[in-house]
Amino acid sequence: MTGCLDDRSLVMVRYAEASPAEQEHVRTCLRCAARYQRLSHDLERIGEVLGGRPPAIGYVPAAAAASWRRVLAAGLIAVVVLLGGVEMWMWKASTSMTGGQGDTDMRTLLGEVAAVLGPSDDADAPSGFGPAVSTDGDHEALATGLGLLGDGEEQ
Amino acid sequence: MVTGRRPWEAEYEALYREHAPRLARLCRLLLQDPHEADDVVQEVFVKVVQVYETSTAPIAWNAWLTRVAVNGCRDRHRAGWWVRWRRRHIPIEGLDIVDQMPSPDRLASARETRERLWHAFRELPARQREVFVLRHMEGWSTADIAEVLKLRTGSVKRHLFRAVQRLRAALGTER
């Protein structure tokens, strides 16, 4: 239908802010009259509700609640990731420290064991695991000392 | 020792009786916190006392009180957003314990509509809320609202239309 009022004009008619022509149109157009009736009914209902007491509990629509939950979950995940990262970093740092020290200790221990079990003839040989057992003669001396080689094997 | 009543006190009391409930309702709609709204009403009437004590010029009290109340609400709104955010729940003494509705289904439906509508109302931009309350709830003219809120009449109409649109959408019956 041509000449029907848009929503804004209809609201203005409801609040007596429209032009006489628009008010007249609402009186003569069935469609606009029906829309006007619905608008009036809705505004009455809105007035009734807002004129009463507000609802008991702060009403949060599902979408808003979900968004809060999402923010909370993202925050928790961020905290967990951060703590995990820090923990990982600290673990790596402690591992590298104890790893270097442990290697040095092991070398010292093995050097001492080798020195006790099979002293080398070479007095100038450096102590430590590698040089103490680095020659065939050393191996044999060590094996003899441990009683692993028999007479037949020596030949 | 002076024990007599001040000359304006009777007029002040009449003014309070006539306008305090209306201003309380207005402030509760604009602030949504009944305690804060009552504080604003008290502040408004403190200003009334100051006016009585400093001026004898006649005042259009209806418009004056509303303007001061709206400005007071706006100041509160600007100053204490985080306080209201913390206190989003209506205190227990403000509740309707018994509602006169015929059936549980209708009760639930009406409650849902009411909550949706109140939520939509609270989510309205401040200007739209002020214009809607003054125009629809208080019955002010567009010209008066424009003067009090320092807006053009076209802006008042625009805010009013947008508020009506949003509230009808919340009601679920728009169009």
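How many helices and strands does the secondary structure of chain B come to? In this predicted model, the count for chain B is eight helices and zero strands. Read from the N terminus, the order of elements is simply α-α-α-α-α-α-α-α.

Chain B has 175 residues, and 44% of them are buried. As for how the chain meets itself, take the contacts between residues at least 6 apart in sequence: 65% of these join residues at least 24 apart. On the outside, chain B exposes about 10100 Å², with carbon and sulfur atoms supplying 53% of that area.

Helix α2 of chain B is worth a closer look. Spanning residues 34–54, this helix has 21 residues and reaches 30 Å from its first C-alpha to its last, close to the 30 Å expected at 1.5 Å a residue. Its buried residues are Pro34(B), Glu36(B), Ala37(B), Val40(B), Val41(B), Val44(B), Phe45(B), Val48(B), Val51(B) and Tyr52(B). An α-helix has 3.6 residues a turn, so residues three or four places apart point the same way. Val40(B), Val44(B) and Val48(B) are among the residues buried in this helix.

Over in chain A, the surface is the topic. Met106(A), Leu109(A), Leu110(A), Val113(A), Val116(A) and Leu117(A) form a nonpolar patch there, together offering about 520 Å² of accessible area. One of these patch residues, Val116(A), sits in helix α4 of chain A, which covers residues 62–117. Val116(A) counts as exposed because its relative accessible area is 68%, and the cut-off for that label is over 50%.

How values were computed:
Residues are numbered from 1 along each chain as its sequence is written. Chains are lettered from A and ligands numbered from 1 in the order in which they are written. This is a predicted model: local features need pLDDT of at least 70, side-chain atom pairs count only at pLDDT 80 or more; totals for chains, interfaces and linings use all residues. Side-chain values use heavy atoms; hydrogens and water are left out. Patches are made of residues with over 30% relative accessible area and no salt bridge: like charges are joined within 9 Å, nonpolar side chains (Val, Leu, Ile, Met, Phe, Trp, Tyr) within 5 Å. Accessible areas come from the Shrake-Rupley method with a 1.4 Å probe; for residues, only the protein chains shown count as cover. A salt bridge is a side-chain nitrogen of Lys or Arg within 4 Å of a carboxyl oxygen of Asp or Glu. Helices (H or I, at least four residues) and strands (E, at least two) are DSSP runs, numbered from the N terminus. Buried means under 20% relative accessible area, exposed over 50%, partly exposed in between (1.4 Å probe, protein chains only). The expected span of a helix is 1.5 Å times one less than its number of residues. Contact means heavy atoms within 4.5 Å.
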